[in-house]
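Student: I have a new model open and would like to learn how to read it feature by feature. Could you walk me through it?

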Amino acid sequence: MTRAETKERNRRALLDAAFQVVSRDGYRARLEEIAERADLTTGAIYSLFGSKNGLVVALVTDYLRPHYQEIEQAVPAGSDLLEAVEAFARYYRRSCDSPDALPAMSLQITLLDMALHDPELGSRIAESVLAQESHLITLFAGRAHEGRIVTSRQAQRLVTALRALFVGLSQGVILGLASGADEQYFADTARALASDVTLIDHDADTAAPCDAD
C-alpha cells in the first residue's frame, strides 16, 4: 500500500469512527475513542484534520457530498423548474425510508447541538453546508419557469426555503409526526414553494419573477 493509500485509508477509518461517536455523544465526543475505534492514535487525527473541529467539518462534508451527488442524478437535466423541484422532493421523501435515515437525523441534531456550544465550529459547519448547497443552486438556476429563466440569486432563495421545508418534513416522517406525508405531499409542498412569491427578489432592482440577471 502506498503512502497516499494509507493516508486515505486512515482518513476513511477516522471519518467512519467519528460518525458513530459524534452521532452519539455530540460535543462530548472524545478524540481518544474515535482514534481507538479507527485503530489509530489521536496524533493521526491532528495530522489529517488539524483538530477536533477540523474532523467534524470533514465529517459534515463527507456526509453531504454523496447526498447532493445523488440529488443531481435524480433530477432530469432537461426539465423545467417545477419538474426539477418535484423530482428533488420525491428523492428526499424516499430517503426518509432509507435504513440510514435515523442515524442521519441523529447526526443532524447532534451537529446543531455542537454548533450551539461552539460558535466557531458552527460557523465552519455552516460554510460546509452552504458549499454543498451551491450544487443545488446550480442545479435549479437556468431552468425555465413561467416563460422565463431562473437566475442564480432566485435559485438560492428557493434552495433556502426547500432546505427548511425538507428538514422539518423529513424529521416529522422519521419520528412518526407526519402521517400522510408521502411522495406526492412532498412534491406538492415543494412545487408550492417554487412560486413567483418565493422567487421574487425584493432586494434586486426589479421584483419581477425570473428576470435575467
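Student: Let's begin with the rings. How many aromatic pairs does the count come to?

Tutor: Keep in mind that this is a predicted model. To find ring pairs, you look for Phe, Tyr and Trp rings whose centres lie within 6.5 Å. Here the count comes to 5 aromatic pairs. In one of them, F88 and F140, the ring centres are 5.9 Å apart and the planes meet at 50°, so the pair is tilted.

Student: Which parts of the chain does that pair link?

Tutor: Distant ones: F88 belongs to helix α5 (residues 81–95) and F140 to helix α7 (residues 119–140), with their positions 52 residues apart. Both F88 and F140 are buried.

Student: And how are the rings of Y92 and F166 arranged, by distance and angle?

Tutor: For that, check the angle between the planes: under 30 degrees counts as stacked. Y92 and F166 have 25° between their planes and 4.8 Å from centre to centre, making a stacked pair. This pair, too, links distant parts of the chain, as Y92 is in helix α5 and F166 in helix α8 (residues 152–174), 74 residues apart. Y92 and F166 are both buried.

Student: Which residues do the ring pairs link into a cluster?

Tutor: The cluster holds F88, Y92, F140, F166 and F186. A charged side chain also comes in here: R93 lies over the face of F186, at 6.0 Å from the ring centre.

Student: Now to single residues. Is A181 buried or exposed?

Tutor: A residue counts as buried when its relative accessible area is under 20%. A181 has 6%, so A181 is buried. You will find A181 in the loop between α8 and α9 (183–193). Leaving out neighbours within four places in sequence, A181 is in contact with R93, V173 and F186. R93 and F186 are the charge and ring we just met. You can also compare C-alpha positions: A181 and L169 are 12 residues apart along the chain, with 7.8 Å between their C-alpha atoms.

Student: Where is S23 found, and what does S23 touch?

Tutor: S23 is in helix α1 (residues 3–25). Not counting residues up to four places away, S23 touches A18, P103, S106, L107 and T110. With a relative accessible area of 13%, S23 is buried. For its polar side, look at the backbone: a polar atom of the S23 side chain lies 2.6 Å from the backbone oxygen of F19.

Student: What does the whole chain look like in terms of helices and strands?

Tutor: It has 10 helices and 2 strands, and along the sequence they follow the pattern α-α-α-α-α-α-α-β-β-α-α-α. The C-alpha trace spans about 60 × 40 × 35 Å along its principal axes. Of the 213 residues, 42% are buried. Among contacts with a separation of 6 or more, 70% come from residues 24 or more positions apart.

Student: Where is confidence lowest, and where is it highest?

Tutor: Start with the average: the chain has a mean pLDDT of 89, and 93% of its residues reach 70 or more. Confidence is lowest in helix α10 (residues 196–199), with a mean of 72, and highest in helix α2 (residues 31–37), at 96. Then look for individual stretches: over residues 205–209 the pLDDT stays under 50, and the model has 10 contacts beyond four places in sequence for them.

Notes. Residues are numbered from 1 along each chain as its sequence is written. This is a predicted model: local features need pLDDT of at least 70, side-chain atom pairs count only at pLDDT 80 or more; totals for chains, interfaces and linings use all residues. Side-chain values use heavy atoms; hydrogens and water are left out. Helices (H or I, at least four residues) and strands (E, at least two) are DSSP runs, numbered from the N terminus. Buried means under 20% relative accessible area, exposed over 50%, partly exposed in between (1.4 Å probe, protein chains only). A polar contact is a pair of N or O atoms within 3.5 Å; within protein, one must be able to donate a hydrogen and the other to accept it, and residues adjacent in sequence count only if both atoms are side-chain atoms. Contact means heavy atoms within 4.5 Å. Rings of Phe, Tyr and Trp (its six-membered ring) pair if their centres lie within 6.5 Å; planes under 30 degrees apart count as stacked, over 60 as edge-to-face and the rest as tilted. A charge sits over a ring if NZ of Lys or CZ of Arg is within 6 Å of the ring centre and within 35 degrees of the ring normal. pLDDT is the predictor's confidence in each residue, from 0 to 100.
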